[in-house]
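Here's a quick tour for anyone about to open this one up at the bench. Keep the viewer handy and follow along topic by topic.

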Amino acid sequence: MTYRDRILEYAEKQYPVYRQIALEIHAKPETSNHEEFACARLSEQLRAEGFEVTVGVAGHPTGFTGVYRSAKKGPVLAFLAEYDALPGLGHGCGHNLFGATSLLAGAALKQVVDETGGEIRVYGTPGEEGGENGSAKGSFVREGFFRDVDAALCVHPGSDHHELTHPEIACAPIRIAFKGRASHAASAPQDGINALDALILVFNAIGLMRQQLPKDVRIHGIVTKGGDAPNIIPEFTEGRFYVRAATVKRMNEVLRKMEKIVEGAALQTGCEGLLEPTQRNLIDNVVPTPAFDAVYLKNLLSLGEAFDENRHNPLGSSDVGNVSQVIPTIQPMIRISDQPVAGHTIEKREAARSETGLRSIALGAKVLALTGLDLIQSPEVLEEIKKDHRIAVEEQEQRALQ
């Protein structure tokens with residue numbers, strides 16, 4: 001039996017186990033960096049598959065690493081796992097499938113790696129959806145978990161069709177707050193300093209600034225605290241915003257403009273103003289590596305799947321971008337539904353436990369494991385992917401300077 005056949009056979013044989021894991025995680029959704037059940041369930045399964053597992057890594061209690069080393073030298077490949085849910089919605093991004101797929105991919109490739117050589121890692125990266133300690137892949141990068149990794153692989157649950165890796169945009173979640181002075185709005189308005197006026201000025205200034213922003217920039221925000229009662233001049237107000245752009249450099253340029261807007265609003269109203277990040281890590285833009293995606297696509301097609309290069313979803317942001325800045329990384333989108341479903345919706349949440357969605361675990365694991373096998377068996381392919389990645393990073397930097 002060939003290596004390929006052994007990988008496919010193992011992935012299919014173990015699929016019921018990972019199907020059940022995905023259903024259990026779906027039924028017990030946990031938000032970013034609170035994924036105690038999911039972390040325990042996935043890390044236990046990795047141990048059962050023969051991986052050396054460490055829980056609580058890179059400053060994330062619900063992060064984990066699973067490592068299996070062959071006695072023979074070869075590339076180090078990391079499969080990335082996500083398993084956090086959305087507040088109030090549950091698994092409307094399909095991360096219950098994401099984590100199960102990456103684990104099964106690593107386990108399937110493990111069946112042949114003693115003979116092919118190489119090292120397989122599964123990194124459990126919590127908090128992709130953000131939060132105070134969010135976007136753990138940034139922590140994994142910063143603390144050196146990818147320094148000796150040759151390539152990173154994962155697939156993200158998509159819609160009703162397959163896609164290749166998106167050039168997703170950078171994102172900075174921020175908090176803007178103002179402190180004024182409360183007073184009775186009718187009897188002593190002159191004694192108050194209106195913090196809501198300052199926040200409204202920020203929203204208005206952002207609206208005007210959009211006229212002069214590049215087309216890749218997105219700014220969206222909400223008011224999380226606007227006051228206590230209509231007859232009390234608001235003493236404290238707060239808004240939460242996402243600032244997105246095609247590159248981190250451009251995103252930081254926009255953030256500097258936002259800082260000036262906050263300063264101006266504070267000056268106009270007499271308030272104290274504040275702009276600060278709301279999570280530990282900013283989210284880098286994704287740098288696609290076309291040569292890497294080509295290997296993934298070859299394996300996807302070899303399993304009889306259809307692919308339409310003209311189909312694509314709108315851009316978003318993902319902390320897989322932080323990984324893609326330092327090593328070749330793929331995160332294609334895999335079909336989980338028979339009908340179109342948008343991300344972060346009830347429809348996608350239901351697709352993430354449908355039969356089509358659950359079968360994506362086996363398919364995604366097979367394609368990822370076969371792609372990993374190609375990288376191990378064909379050093380020239382891996383070297384071409386690394387070269388392609390270096391070029392993509394350099395081109396991104398050159399565009400940022402223009």
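Does N33 count as buried or exposed? N33 counts as buried, because its relative accessibility is 11% and the cut-off for buried is under 20%. Bear in mind that this is a predicted model. Here's the rest of the briefing, grouped by topic.

**Loop residues with positive phi**

- N33 sits in the loop that runs between α1 (3–27) and α2 (36–48).
- Its backbone is a bit unusual to look at: N33 isn't a glycine, yet it has a positive phi of about 65 degrees.
- A58 is another non-glycine with a positive phi, in this case about 55 degrees.
- You'll find A58 in the loop between β1 (52–57) and β2 (60–69).
- A58 has a relative accessible area of 5%, so it is buried.

**Nonpolar cores**

- The largest nonpolar core has 61 residues, and L109 and I361 are the ones that touch the most other members.
- Helix α10 (residues 355–377) supplies the largest share of this core, with twelve residues.
- Apart from that core there's another one of 27 residues, and its members include I176, F241, V243 and I261.
- As background, nonpolar side chains in soluble globular proteins tend to be buried together.
- Zooming in on I361, and skipping residues up to four places away in sequence, its contacts are Y15, Y18, R19, A22, L97, A100, T101 and L104.

**V254 and its surroundings**

- V254 is part of helix α6 (residues 248–269).
- V254 counts as buried because its relative accessibility is 4%.
- Not counting residues up to four places away in sequence, V254 touches M209, L213, V217, I219 and V243.
- Take V217 from that list: its C-alpha is 8.3 Å from that of V254, with the two positions 37 residues apart along the chain.

**The second largest pocket**

- How big is the volume of the second largest pocket, and what is its value? The volume comes to about 230 Å³.
- There are 13 residues lining this pocket, and P173, I222, R240, F241 and Y242 lie nearest its centre.
- Strands β7 (170–179), β8 (218–225) and β9 (236–245) are the elements that give two or more residues to the lining.
- Sorted by class, the lining has five nonpolar, six polar and two charged residues.
- F241 turns up twice in this briefing, as a member of the 27-residue core and as one of the residues nearest the pocket centre.

**Aromatic pairs**

- Searching the whole structure turns up seven aromatic pairs.
- One to look at is Y123 with F140: the ring centres are 5.5 Å apart and the planes are at 50 degrees, so this pair is tilted.
- This pair links distant parts of the chain, with Y123 in strand β4 (residues 119–124) and F140 in helix α4 (residues 136–142), 17 residues apart.
- Y123 counts as buried because its relative accessibility is 2%.
- F140 counts as buried too, because its relative accessibility is 0%.
- Ring pairs also tie Y123, F140, F145 and F146 together as a cluster.

**Charged residues, buried and partly exposed**

- K137 lies in helix α4, the helix that also holds F140.
- Is K137 buried or exposed? Its relative accessible area is 0%, so K137 is buried.
- Leaving aside neighbours within four places in sequence, K137 is in contact with L80, E82, T125, E128, D319, V320, N322 and V323.
- L80 is 57 residues from K137 along the chain, and their C-alpha atoms are separated by 9.0 Å.
- E115, in helix α3 (residues 95–116), has a relative accessible area of 37% and is therefore partly exposed.
- Beyond its neighbours within four places in sequence, E115 is in contact with Y3, R6 and K72.
- Back to N33 for a moment: E115 and N33 are 82 residues apart in sequence and 37 Å apart in space, C-alpha to C-alpha.
- E384, found in helix α11 (residues 379–401), is partly exposed because its relative accessible area is 42%.
- From E384 to K110 there are 274 residues along the chain, and their C-alpha atoms are separated by 24 Å.

How values were computed: Residues are numbered from 1 along each chain as its sequence is written. This is a predicted model: local features need pLDDT of at least 70, side-chain atom pairs count only at pLDDT 80 or more; totals for chains, interfaces and linings use all residues. Side-chain values use heavy atoms; hydrogens and water are left out. A nonpolar core is a set of buried Ala, Val, Leu, Ile, Met, Phe, Trp, Tyr and Cys residues joined through side-chain atoms within 4.5 Å. Buried means under 20% relative accessible area, exposed over 50%, partly exposed in between (1.4 Å probe, protein chains only). Helices (H or I, at least four residues) and strands (E, at least two) are DSSP runs, numbered from the N terminus. Contact means heavy atoms within 4.5 Å. On a 1 Å grid over the protein atoms alone, a cavity is a set of points where a 1.4 Å probe fits but cannot get out, and a pocket is an open set with protein on both sides within 12 Å along at least five of seven lines; lining residues have an atom within 4 Å of a point. Grid points are joined across faces, edges and corners, and a volume is the space filled by probe spheres set on the points. Ala, Val, Leu, Ile, Met, Phe, Trp, Tyr, Cys and Pro count as nonpolar, Asp, Glu, Lys and Arg as charged, and the others, Gly among them, as polar. Rings of Phe, Tyr and Trp (its six-membered ring) pair if their centres lie within 6.5 Å; planes under 30 degrees apart count as stacked, over 60 as edge-to-face and the rest as tilted.
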